[in-house]
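Please open the structure in the viewer and keep the selection tool at hand. The tour below proceeds stop by stop, stating at each one what to select and what is there.

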Amino acid sequence: TTLLHEDHQRRAFGYRFDDGELQHRLAHWPGFSLNDVMVARDTSGAVVGVASIWNPTPVKRFEVRAYNGSMRWVKRGYNAAATVLRWPRLPEPGHEFRYAYLCNVSVKGDDARVFRALLEEAYRRLHGTGLHFFSFDLGEGDPLWPAVKGFMVQNLEFLLYAVTPASSPRTEWPKGRTGFEVSLA
């Protein structure tokens, strides 16, 4: 929890992990447990990265309504590859994507190599479980982007807005990664 707390103290929209946020998530997020937490350590044993895997199916699902335009061709190509590579085929309209979130991500010094190790461990744990994908948040210019090289990635545009009282408007925010948690959107 110490790394999460220290990391989020520096982030815009960071969470208060010193105030029981992780314990709250463990108690209230259906299906989330300490078994889902991954910890990266350096050669001296110090914690240099953490991330958690969470399957939100009990509280949130994405149902496919249709594949329109170029997505029809993407689906055909993907499903052809899925047959050969033994991936789950994309769901038909009326069915749901099966997915997980990589959440509670904190990497000391924003070291992309550490994040890469966490991604590889998440992939190892999730591969063969029937999930279509796992999702995580990296903002524009995030120093962790190099870690995703070699993975099949789909970047989804997302705008994050801050609302402040008119009596105390804020025009500047800390630089770097936000504390925004895509699994809570």
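**A patch on the surface**

Begin by selecting Phe13, Phe158, Leu160 and Trp173: these residues make up a nonpolar surface patch whose accessible area comes to about 370 Å² together. Please bear in mind throughout that the model is a predicted one. Within this patch, centre the view on Leu160, which belongs to the segment after E4. Its relative accessible area is 38%, so Leu160 is partly exposed, given that the partly exposed class lies between 20% and 50%.

**Strand E3 and its partners**

Next, select residues 99-107, which form strand E3. Is this strand enclosed by the rest of the structure, or open? Nine of its nine residues are buried, and E3 is therefore largely enclosed by the rest of the structure.

Keep E3 displayed and add residues 47-54, strand E2; the two strands are antiparallel and pair through five bridges. To find one point of this pairing, select Gly49 and look across to Val107 in E3, which stands opposite.

Now add strand E4, residues 133-135. In which sense do E3 and E4 run? They are parallel, and three bridges join them. For a position to inspect, select Tyr101, whose bridge partner in E4 is Ser135.

Finally, bring in helix H4, residues 112-126. Together with E3 and E4, this helix completes a β-α-β unit, and the unit is right-handed.

**Two loop residues with positive phi**

Select Asp110, located in the loop that lies between E3 and H4. Its phi angle is near 50 degrees, which is a positive value in a residue other than glycine. With a relative accessibility of 26%, Asp110 counts as partly exposed.

Then move to Arg86, in the loop between helix H3 (71-85) and E3. Here too phi is positive in a residue other than glycine, with a value near 60 degrees. Is Arg86 buried or exposed? Its relative accessibility is 77%, so Arg86 counts as exposed, the cut-off for that class being over 50%.

**A buried glutamate in helix H2**

For the last stop, select residues 21-28, helix H2, and pick out Glu21 within it. The relative accessibility of Glu21 is 18%, so this residue counts as buried; the limit for buried is under 20%. Which residues does Glu21 contact, leaving aside its neighbours within four places in sequence? Select Tyr15 and Arg16 to display these contacts of Glu21.

Definitions and conventions
Residues numbered from 1 in each chain as written. Predicted model: local features only at pLDDT ≥ 70, side-chain atom pairs only at ≥ 80, totals over all residues. Heavy atoms only, no water. Buried < 20%, exposed > 50% of the residue type's maximum accessible area, 1.4 Å probe, protein only. Helix = DSSP H or I, 4+ residues; strand = E, 2+ residues; numbered from the N terminus. Pairing = 2+ DSSP bridges. Right-handed = clockwise from strand over helix to strand, strands pointing away. Contact = heavy atoms within 4.5 Å. Patch = residues over 30% accessible without salt bridge, like charges linked within 9 Å, V, L, I, M, F, W, Y side chains within 5 Å. Areas by Shrake-Rupley, 256 points an atom, 1.4 Å probe, with all protein chains shown as cover. Salt bridge = Lys/Arg side-chain N within 4 Å of Asp/Glu carboxyl O.
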